[in-house]
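The paragraphs below lead through one protein chain, from a charged patch to the overall fold, then to backbone geometry and charged pairs. Please keep the sequence and the three-dimensional view open while reading.

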Amino acid sequence: AVTLSIGEKSKESYQGDDHIELLNLKTDYVFKRVFGHAGNEEITKNLLNSIIKEEITEIELDKNPILEKDLLDDKIGILDIKAKLNNNTNVDIEMQVVDHKNIEKRILFYCAKLFTSSLKSGYDYSTLEKSISILITNYELENQKDIKKYITKWNLREETYPMHILTDTMEIYIIELKKFKKFKDNSNYKRLNSWIKFIESSEEEIDMSNKEIVKAKKVLEEISQDEHERYLAELREKYILDQNNIEATGYDKGLKQGKKEGIKKGREEGKEESKKEIAKEMIKEKMPLEVISKITKIPKEELQEIQKEI
């Protein structure tokens with residue numbers, strides 16, 4: 001296969017290669033190109049059926065095109081997939097590979113935005129449509145470390161009676177790919193297991209019994225042979241790598257800055273304690289508090305409190 005450099009497009013074709021290196025399906029651009037592309041509705045419907053476990057008879061994908069400038073940005077909603085199910089449910093799917101540490105608020109914002117945008121002007125609240133946000137991460141969420149499964153479903157529940165759901169009109173699903181190998185065997189999502197295995201490693205053997213997974217792999221092979229698609233995917237991957245480096249650099253810088261500030265604070269606290277010890281000795285020697293204050297820079301009121309402790 002021909003290797004493309006970022007910023008240039010090869011004139012050679014991928015057609016006729018014995019083996020084509022498939023594009024990474026965990027790159028959000030490639031994920032949207034397979035599951036959010038007009039014509040691939042049945043593929044997306046099958047994936048969604050395996051997640052939300054509801055019968056989907058109709059699906060309409062949002063047809064907003066992906067612009068090249070979108071690949072170098074991380075504004076909310078650019079590379080997520082939006083779909084309307086059964087003409088009454090709105091779904092947002094996002095593949096996230098960069099850990100921004102605020103993903104819980106982000107996915108809640110997505111779901112709330114979907115929910116409120118379904119209310120048309122002049123209508124009452126009964127017209128609000130069900131909204132589902134699905135987040136797929138290529139990392140583990142810190143606050144879900146103790147949850148021993150790779151997919152979680154979130155609703156608005158009563159604290160003391162968690163079996164009681166306030167409303168089913170808002171749902172959030174979080175799929176952590178890094179947990180898949182550890183917890184796939186005790187999962188109740190058998191059909192989803194096949195999809196996650198395909199997403200995790202498209203080069204491996206796929207579940208041939210699911211014709212939509214077979215179809216999805218064919219779509220992936222086709223775009224992997226397209227030089228312009230490879231160029232766009234590599235452009236997006238470069239941006240993601242840059243973002244990861246920025247996050248890592250910021251974290252390291254924060255550690256160093258925190259350490260530096262901690263040392264400085266420790267030294268200042270040490271000086272204060274030293275001054276207080278000196279002040280105590282001076283008080284014991286019956287020196288006037290005004291003189292001690294002038295020497296140690298400790299206010300007279302504070303010296304009076306120290307005097308009471310002695």
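In this predicted model, Lys178, Lys181, Lys184 and Lys197 form a positive patch on the surface. One of these residues, Lys178, sits in the loop that runs between β6 (165-176) and α4 (180-183). Lys178 has a relative accessibility of 46%, and because buried means under 20% and exposed means over 50%, Lys178 counts as partly exposed.

The wider setting of this patch is a protein with nine helices and six strands. Of its 310 residues, 41% are buried, and the protein exposes about 19000 Å², of which carbon and sulfur atoms supply 51%. When contacts between residues at least 6 apart in sequence are considered, 64% of them join residues that are at least 24 apart.

Two loop residues deserve a look for their backbone geometry. Most residues other than glycine have a negative phi. Lys53, however, which is placed in the loop between α2 (41-52) and β1 (59-61), has a positive phi, near 55 degrees. With a relative accessible area of 48%, Lys53 is partly exposed. Asn86, found in the loop between β2 (81-85) and β3 (89-96), likewise is a residue other than glycine with a positive phi, in this case near 50 degrees. The relative accessibility of Asn86 is 26%, and Asn86 therefore counts as partly exposed.

The strands that flank the loop of Asn86 also lead into the charged pairs. Side chains of opposite charge can pair when their charged atoms come close, and a search of the whole structure finds 18 salt bridges. In one of them, Asp92 pairs with Lys82, with the closest N and O atoms 3.4 Å apart. This pair links distant parts of the chain, since Asp92 belongs to strand β3 and Lys82 to strand β2, with their positions 10 residues apart in the numbering. How do the two partners stand with respect to the surface, buried or exposed or partly exposed? Asp92 is buried, at 2% relative accessibility, whereas Lys82, with a relative accessible area of 33%, is partly exposed.

Strand β3 also takes part in a salt bridge between Glu94 and Arg106, in which the closest N and O atoms are 3.0 Å apart. Because Glu94 lies in strand β3 and Arg106 in helix α3 (residues 103-117), this pair ties together parts that are 12 residues apart in sequence. Here Glu94 is buried, with a relative accessible area of 4%, and Arg106 also counts as buried, at 10% relative accessibility.

Further along the chain, Lys276 forms a salt bridge with Glu302, and their closest N and O atoms are 3.8 Å apart. Lys276 is part of helix α7 (residues 227-284) and Glu302 is part of helix α9 (residues 300-309), so the pair ties together parts that are 26 residues apart in sequence. Both partners count as partly exposed, Lys276 at 27% relative accessibility and Glu302 at 32%. Elsewhere, salt bridges that share partners join Glu54, Lys130, Lys153 and Glu171 into one network.

Definitions and conventions
Residues numbered from 1 in each chain as written. Predicted model: local features only at pLDDT ≥ 70, side-chain atom pairs only at ≥ 80, totals over all residues. Heavy atoms only, no water. Patch = residues over 30% accessible without salt bridge, like charges linked within 9 Å, V, L, I, M, F, W, Y side chains within 5 Å. Areas by Shrake-Rupley, 256 points an atom, 1.4 Å probe, with all protein chains shown as cover. Salt bridge = Lys/Arg side-chain N within 4 Å of Asp/Glu carboxyl O. Lys, Arg positive; Asp, Glu negative; His and termini not counted. Charge placed at Lys NZ, Arg CZ, Asp CG, Glu CD. Helix = DSSP H or I, 4+ residues; strand = E, 2+ residues; numbered from the N terminus. Buried < 20%, exposed > 50% of the residue type's maximum accessible area, 1.4 Å probe, protein only. Contact = heavy atoms within 4.5 Å.
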